[in-house]
Structures are given as C-alpha cells and as structure tokens.
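Please open the model in your viewer and keep a selection panel at hand. The stops below move from the whole chain to single residues.

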Amino acid sequence: MGILDGKRILVAGVTMDSSIGFATAKVAQEQGATVLVSNFGRALGITRRIAKRLPQEPPVIELDVTDQGHLDGLADAVREHVDGLDGVVHSIAYGNPQTLLGGRFLEGPWDDVAQAVQVSAYSLKSLAVATKPVMSEGSSIVGLTFDATSAWPAYDWMGVAKAALESTSRYLARDLGPQGIRCNLVAAGPLKTLAAKAIPGFEDLESSWKDRAPLGWDESDQEPTAKAVVALLSDFFPATTGEIVHVDGGFHAMGL
Ligand code: NAP
C-alpha cells in the first residue's frame, strides 16, 4: 500500500536524475502513482533517456511553459496516457545566470527579469489552467520554492521570481479551492541540481546551510524534498492549501 495508490501525477520539470522532479517521480511511483513527466526543447532527449532510470519508465510529454500551443494541447497530451490527473508537480525555474544571478542585482535587465518571472512564477498559473480540464476534485498542485522571505547571497532576481511564485500559489489556492483543488509549495534548502550549479556563488549558501540547520543538510539528497512533495500530493493533507512547507533541515526557524 502506498500513499499515492491509484493516483495519476504529472511531474513537469525533469531533466537529469539530479532534478528534484526526478526524485519526486521516483518516490511517487514507489508510493503507487502512475507518473507522467514533461520537459522541453533540446533537453527532451535527455529526459527520455533519464526517464528509463525510474522504477517504471513514464511517458514523456513535451511542455515549454512559455509556449501557448503546448499549454493548449496539454490536456489532450495527458489523455493519450491516462484518463485524468490527481496531481501536478511544478518543478520548473529559469533565470539567466549571466545577468540575473550571482550578485549583480542592481544591473538586472527587465527583459531577463520578465522571462524569469514568466518561466518560474506565472507558469504555475499556466500549468494549473492547462491541466484543470483533466484534474479531478481532490487534486493537488505542488510547486518548489526557495524561501523568498529573505534576500540571499547570489540568488538575486530568482528570489524575486520565487516571491511571485509564492504569491501565485496563494491566489491559485483561492481560485481553485472551490473546485476541490489544493495548491501548495515546498521550500527546499539548497540542492545540487543543474539549476543550482548554474548560480554563481550558490556553494557559499550550501556551506552556511550545513552549519545552521539543526537537523543538518545534505545538498546531494533530493529525497526529503521529494517525500514532502509526495505527501502534499496525497490525501494526507486534505485541508491544506496556500501553504509553504519547509524542507530545509530547520534552517528557516533559526536566528543565528
Ligand atoms: P533542474 O533539474 O534544472 O529543474 C528545473 C527544470 O525546469 C528543468 O527540467 C528545466 O528544463 C525546466 N525548465 C526551464 N525552463 C522551462 C520552460 N520554459 N518550460 C518547461 N520547463 C522548463 O533543477 P531543480 O533544482 O530540480 O529545480 C526544480 C525546482 O526546484 C525549481 O523550481 C527550483 O527553483 C526549485 N528549487 C531548487 C532548489 C535547489 O537548490 N536546487 C532549492 C529550492 C527550490 P531544462 O533543463 O531543459 O532547462
């Protein structure tokens, strides 16, 4: 018996086996879910290869969250594999590392900021709307944030995009709640993924995390984050929406 037995879950944002989305797909399958994964563009071939490393090879759907054609066709693409969805995972972010991250906050150009906000925050709304026709009552949407209540070294405009994501999640909770659809986020500590490696100076954050998190922190272990995402997808949080669950070793609760 798994906590996702019988559930059909789309995990958007799987590239490598280091992706949080990959770990989530793995734990979801171990907990009994039928999983579909998505990614976009040139990395799609990598995703197809990496998907074979999951316990069951899932269908891979092409989805660029900035492409209205992909969004319009998503419900039909899902129906080719399953007759509906009980959960959607948004594990997607992008910000130009040359201009938006790494300590050049004051120079961040608007066009790049707009792209980061579209891909990393607005897309939670886009994905929710695109999958709504196939989502059943009691469904759960879960996204990934990096706690946007503080200014961090190096994170810069991605922090602003995450603040927008956190707000977007609360508004989705408001507007989708009456249809029985929940929307929550997991705020993970720093994890060594492709996205994180692209951030100049992110390793400083990782070392201070290890020092301050009372439970300690392993930046190479995506599983605790994946387990929290899966718990939020399950029926064990039936009255929770608009919430942010920290999976950070307790870092957020410490002063010094
Ligand atoms: P990741 O493996 O690089 O995953 C990010 C995914 O977003 C990739 O699959 C990427 O595809 C995809 N993506 C980018 N632009 C897209 C677009 N236009 N349409 C569709 N997909 C797009 O890195 P990750 O760390 O697992 O990131 C997953 C989520 O966790 C992100 O929201 C991230 O901000 C969040 N998070 C990460 C950390 C951390 O320390 N790693 C901490 C807290 C929260 P490509 O690879 O093809 O670009």
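What follows is a tour that begins with the overall fold, continues through packed helices and ends at individual loop positions.

This is a predicted model, in which local features need pLDDT of at least 70 and side-chain atom pairs count only at pLDDT 80 or more, while totals for chains, interfaces and linings use all residues. Residues are numbered from 1 along each chain as its sequence is written, and side-chain values use heavy atoms, with hydrogens and water left out.

**The whole chain**

Begin with everything selected and coloured by secondary structure: the protein has 8 helices and 7 strands, where helices (H or I, at least four residues) and strands (E, at least two) are DSSP runs numbered from the N terminus. The C-alpha trace spans about 45 × 40 × 40 Å along its principal axes. The radius of gyration is 17 Å, which agrees with the value near 18 Å for a compact globule of 256 residues; this radius is taken over C-alpha atoms, and the globule rule is 2.2 Å times the number of residues to the power 0.38. Of the 256 residues, 53% are buried, where buried means under 20% relative accessible area, exposed over 50%, and partly exposed in between (1.4 Å probe, protein chains only). Among contacts (heavy atoms within 4.5 Å) with a separation of 6 or more, 77% are between residues 24 or more positions apart.

**Helices H4 and H5**

Two packed helices are described by the angle between their axes and the distance between the axes. Select residues 110-131, which form helix H4, together with residues 156-176, which form helix H5; these helices pack at an angle of about 20°, with their axes 9 Å apart. Axes here are lines fitted to C-alpha atoms, for helices over the stretch in contact, and angles run from 0 to 180 degrees between N-to-C directions. H4 and H5 are therefore roughly parallel to each other, given that angles under 35 degrees count as roughly parallel, over 145 as roughly antiparallel, 65 to 115 as roughly perpendicular and the rest as oblique.

To see the contact itself, show side chains on both helices: the H4 side includes Val113, Val117, Leu124 and Lys125, and the H5 side includes Trp157, Met158, Leu165 and Leu172. The residues of this contact divide into 13 nonpolar, 3 polar and 1 charged, where Ala, Val, Leu, Ile, Met, Phe, Trp, Tyr, Cys and Pro count as nonpolar, Asp, Glu, Lys and Arg as charged, and the others, Gly among them, as polar.

**Helix H3 against H4**

Keep H4 displayed and add residues 68-79, which form helix H3; H3 and H4 pack at an angle of about 40°, with their axes 8 Å apart. That makes H3 oblique to H4. Leu71, Leu74 and Ala75 in H3 meet Ser126, Leu127, Ala130 and Thr131 in H4, and the residues of this contact divide into 5 nonpolar, 2 polar and no charged.

**Helix H8**

Next, select residues 223-233: is helix H8 largely enclosed or open? Because 8 of its 11 residues are buried, H8 is largely enclosed by the rest of the structure. The buried residues are Thr225, Ala226, Ala228, Val229, Val230, Ala231, Leu232 and Leu233, and what covers them includes strands E1 (8-12), E4 (85-90), E5 (135-145), E6 (182-188) and E7 (244-247) as well as helix H1 (20-30).

**Single residues**

Move to serine 19, in the loop between E1 and H1, which counts as buried at 12% relative accessibility. Leaving aside neighbours within four places in sequence, serine 19 is in contact with Gly13, Val14 and Gln222.

Then select alanine 154, in the loop between E5 and H5, where phi is positive at about 70° although the residue is not a glycine; alanine 154 counts as buried at 9% relative accessibility. Aspartate 156, in helix H5, has a positive phi of about 45° although it is not a glycine, and it counts as buried at 13% relative accessibility.

From alanine 154, step across to isoleucine 199, in the loop between helix H6 (194-197) and helix H7 (202-212). Isoleucine 199 counts as buried at 8% relative accessibility and, neighbours within four places in sequence aside, is in contact with Leu101, Ala154 and Tyr155. Isoleucine 199 and asparagine 96 are 103 residues apart in sequence and 9.2 Å apart in space, C-alpha to C-alpha.

Finish at glutamine 98, in the loop between E4 and H4, which is exposed, with a relative accessible area of 57%.
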